Amino acid sequence: MMKIWTGLSAALLLAGCASQGTQETLAPEVAPQWRQAQQGSMLPTAVTRDWWRSFGSTELDSLLEAAQAQSYDLAAAVARVRQAQATATIAGAALLPELNGNLGATRNGRLGGDGNGTPSGTVYQAGLTASYELDFWGRNRALRDSARADLRAAEFDRDTVYLTVTAGVASAWLQTMGLRERAAIADLSVASAQRLLDVIESRARAGAANPLELAQQRGVLAAQMRARAAIRQQAEDSQTTLAVLLGRNPSLLSLAATDLKGLQAPTTGAGLPAELLTRRPDIARAEAQLARADANVIAARAAMLPRITLGGDMTAASNRVSSVFDNPVYSLAAGLAAPIFNAGRLAAGRDLAVAQREELLANYRRAIVAAFGDVETALNAVAGIDAQRVAQEEELRQAQRAFNLAESRYRVGAETSLTLLDAQRTLYAAQDAAAQLRTLRLQASVSLYKALGGGWQSTVAEPQG
């Protein structure tokens, strides 16, 4: 008995150590503020669950609502939560007694009769069987806690998938609209190149332009037509990606918007780095997985200790149904089973659980570091693209002015076709860059919303264990 109590004390001590593991310096070092210090001047805006409405597009709003209802990735994540709920119920059942009942009837007799008066008839039986394992070392409780932690991890994984799907749909829609806008710019550039080619052909007929100028302008026109075809192809591919994210047949998806004009680039404060630990569902998922590993370590250690079971049976029988329970017979039993030799299987199971916990602890810390990196990258993208757009707006104004001057001077013969060709290319590149930067800036806002958890912490309650 003294050995048993000694083993019990050791098991409880080990269980306490395992439960404290998740409290020991789990998080990596947290910076006091984000590296993009200039973001501190941004007006703080709460990140809500429906953050995409801040872009100001009704079509995007309807697509995101459809994604929540039709996404196969999200449906699969919801099904995984239901699986985890069932598993948690199964694991918790071991903490309660198990009771089984049985009813039966037996007919005794000899075929054809025996001629010796052997009695025959029907005997009815009924019985109850109960069994219960004393969770002396906390093994069953640990298995239940492991299953509950797995359920929480599945719920957080569902929320992570929700955030990934919504951010993916928003980014794909912005990409598609940006490519459509670039295709419209390419249409204008092709029309402009064709108009200038008509001018050069007219001058060539009058002897004021040479074949070299014609060849160069025709080459510019062909290059811009090629670029337009490439952009249109990218737009179709982007729309197909969007349809897949929505769970729709790409051939049946129709989009009304044609550009990004009128959309707002939301201004969002990132808060403090320490707040990110409670904002992201993927961090919460990693923490739940670590809690599951702690419980598995306790269960694996408890499996190395004796197991105590209680059991009871009650049976009754009679040749009449009305008197089956008149004389019941019962029995009670208790058993102690202790592992003696298993070729190291139980010890290896414990070592496996400990090693798995070490892996999940590393994954938890990596998830935190990756989250910090996501926010820093998103903030850097917002700041960098904003700086580029300021310079690019001036570039576009000067490119437009240079092209207008080159064209008017060429028409009167005061400028060479080479200068005009260079001005055409510069203007088209500036217009295309403006459209690309507009898309990238809006997508950077999506990335920032996603990096900050997409409003998850303000709407998703902690699952109850």
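**Entry 1: salt bridges**

A salt bridge here is a side-chain nitrogen of Lys or Arg within 4 Å of a carboxyl oxygen of Asp or Glu. With that in hand, I looked at Arg 411 and Glu 407, whose side chains meet in a salt bridge at 3.1 Å, N to O.

Before going on, I noted that this is a predicted model, in which local features need pLDDT of at least 70 and side-chain atom pairs pLDDT 80 or more, while totals for chains, interfaces and linings use all residues. Residues are numbered from 1 along each chain as its sequence is written, and side-chain values use heavy atoms, with hydrogens and water left out.

Back to my pair: where do Arg 411 and Glu 407 sit relative to each other? They are separated by about one helical turn, because they lie four residues apart in helix H7 (residues 345-411). (Helices are DSSP runs of H or I with at least four residues, strands are E runs with at least two, and both are numbered from the N terminus.)

I then checked their cover, using under 20% relative accessible area for buried, over 50% for exposed and partly exposed in between (1.4 Å probe, protein chains only). Arg 411 is partly exposed because its relative accessibility is 43%. Glu 407 counts as buried, at 9%. So one partner of this bridge is buried, and the other is partly exposed.

**Entry 2: a network and a long-range pair**

How many salt bridges does the structure hold? I found 25 of them.

Arg 53 and Asp 50 make one such bridge, with their closest N and O atoms 3.2 Å apart. Both ends are partly exposed: Arg 53 has a relative accessible area of 39%, and Asp 50 is at 32% relative accessibility. I followed the shared partners from there, and Asp 50, Arg 53, Asp 61 and Glu 65 turn out to be joined into one network of salt bridges.

Next I picked Asp 150, which bridges to Arg 292 with the closest N and O atoms 3.0 Å apart. Which helices does this pair connect? Asp 150 belongs to helix H4 (residues 139-205) and Arg 292 to helix H6, so the bridge ties together parts that are 142 residues apart in sequence. Asp 150 is partly exposed, with a relative accessible area of 30%. Arg 292 is also partly exposed, and its value is 22%.

**Entry 3: the chain as a whole**

I stepped back and read the elements in order. The chain has nine helices and four strands, and along the sequence they run α-α-α-β-β-α-α-α-β-β-α-α-α. Of its 465 residues, 40% count as buried.

Then I turned to contacts (heavy atoms within 4.5 Å). Taking those with a sequence separation of 6 or more, I saw that 85% come from residues 24 or more positions apart.

**Entry 4: the sheet**

How are the four strands ordered? They form an open sheet, E1-E2-E3-E4, with antiparallel pairing. (Two strands pair if DSSP finds at least two bridges between them.) Strand E1 (98-108) and E4 are the edges, since each pairs on one side only.

I went through the pairings one by one, noting a facing pair of residues for each:

- E1 and strand E2 (residues 121-134) pair antiparallel over 11 bridges, and Asn 102 stands opposite Gly 127 in E2.
- E2 and E3 run antiparallel and are joined by 11 bridges; Leu 134 stands opposite Ile 308 in E3.
- E3 and E4 pair in the antiparallel sense over nine bridges, with Asp 313 opposite Ser 331 in E4.

As a reminder to myself, strands of a sheet pair through backbone hydrogen bonds.

**Entry 5: a loop leucine**

I looked up Leu 272, which lies in the loop between helix H5 (211-246) and helix H6 (281-302). Which residues does Leu 272 touch, leaving out those up to four places away in sequence? Leu 272 touches Pro 32 and Trp 34. I also noted that its C-alpha atom is 8.6 Å from that of Ala 31, although the two residues are 241 apart along the chain. Leu 272 is partly exposed, because its relative accessibility is 45%.

**Entry 6: Phe 325**

My last stop was Phe 325, in the loop between strand E3 (307-318) and strand E4 (329-337). Is Phe 325 buried or exposed? Phe 325 counts as exposed because its relative accessibility is 56%.
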